[in-house]
Amino acid sequence: MKNIKYLISSLLFLLLGSLAIEAQNSKQNNHIFSVGIENTRFVYGQYIYKQHLITKLDISVYSEKLGFQYARGTIGYQRSFAMVNLRGEYIFGSSFNRSYYNTGAMIAADALFAKRLILNAKISPWYDSGYGYTTCYEAKIGCKITDHIDINAGYTNIPEYRMAENRIIAGFDFHVSKLYVAPYLSIGTKSNQGGKNIRILMGFGYEF
């Protein structure tokens, strides 16, 4: 049963999908459910109420034993003002065996100018029980190539998995109707953080 972690992750993803189908069948515009993959190593389910209140659950699919997998929950609120969307979140996560935990907040702003130029900024006070406190941030700039394809690049130290790392990020966002796919490169910049390594990461999501 060495692949049991993958079986459990698959069953969880199917369960989230079933819940999403139920949400779709309710036919209530006030309720939006989505499922997907984030940073290649997390599956998630997200629920948004009346376009504003956000709840989200992420669970890892690391190549580790079940006890070393990780789950985190997020609750947040978002609001749009003209060209700008603002979002605030509280996040708490822990490994299954409770060997470590982390918690923090995030404030994010997304803006679209002249129907083409995309600006994104995030700041996140973040605490990890093993690494201590870090003020994390992210800044990206992008361009809408077509109605369905965006390209963006930026700089961040927001943890992709657990540790805060200084990284350059760049990639595409393909979105059609309620489906999006987001492949991108993540390049470390500091050798003392395991750096100058390159990760190819994938995001995927479908909204019901």
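**Strand pairing, loop residues and a pocket in the predicted model**

Gly188 is located in strand 11. The structure described here is a predicted model. Gly188 has a relative accessible area of 6%, and because buried residues are those under 20%, Gly188 is classed as buried. Along the chain, Gly188 and Ile168 are 20 residues apart, yet a distance of 6.5 Å separates their C-alpha atoms.

Strand 11 spans residues 179-188 and is paired with strand 10, residues 167-176. The two strands run antiparallel and are joined by eight bridges. Within this pairing, Ile169 has Ser186 of strand 11 as its bridge partner. Two residues lie between the strands of this hairpin, and Ser177 adopts a positive phi near 55° there. Strand 11 also pairs with strand 12, which covers residues 198-207. This second pairing is likewise antiparallel and comprises nine bridges. Ser186 takes part here too, with Arg199 as its bridge partner in strand 12. Ser186 is thus bridged to Ile169 and to Arg199. In a regular strand, side chains point alternately to one face of the sheet and the other.

Positive phi values were also computed for residues in two loops between strands. Most residues other than glycine have a negative phi. Thr40, which is not glycine, has a positive phi near 70°. Thr40 occurs in the loop that links strand 1 (31-38) and strand 2 (42-49). Its relative accessible area is 35%; Thr40 is therefore partly exposed, the class between 20% and 50%. Lys50 likewise has a positive phi, near 55°, and is placed in the loop between strand 2 and strand 3 (53-60). With a relative accessibility of 41%, Lys50 is also partly exposed.

The pockets of the model were examined next. A probe the size of a water molecule, rolled over the atoms, reveals where empty space remains. The second largest pocket contains about 170 Å³ of space. Its lining is formed by Arg41, Tyr62, Ser63, Glu64, Phe68, Ser95, Ser99, Tyr100 and Tyr161. By residue class, four of the lining residues are nonpolar, three are polar and two are charged. The nonpolar residues are Tyr62, Phe68, Tyr100 and Tyr161, because Tyr and Phe count as nonpolar. The polar residues are Ser63, Ser95 and Ser99, and the charged residues are Arg41 and Glu64.

How values were computed. Residues are numbered from 1 along each chain as its sequence is written. This is a predicted model: local features need pLDDT of at least 70, side-chain atom pairs count only at pLDDT 80 or more; totals for chains, interfaces and linings use all residues. Side-chain values use heavy atoms; hydrogens and water are left out. Two strands pair if DSSP finds at least two bridges between them. Helices (H or I, at least four residues) and strands (E, at least two) are DSSP runs, numbered from the N terminus. On a 1 Å grid over the protein atoms alone, a cavity is a set of points where a 1.4 Å probe fits but cannot get out, and a pocket is an open set with protein on both sides within 12 Å along at least five of seven lines; lining residues have an atom within 4 Å of a point. Grid points are joined across faces, edges and corners, and a volume is the space filled by probe spheres set on the points. Buried means under 20% relative accessible area, exposed over 50%, partly exposed in between (1.4 Å probe, protein chains only).
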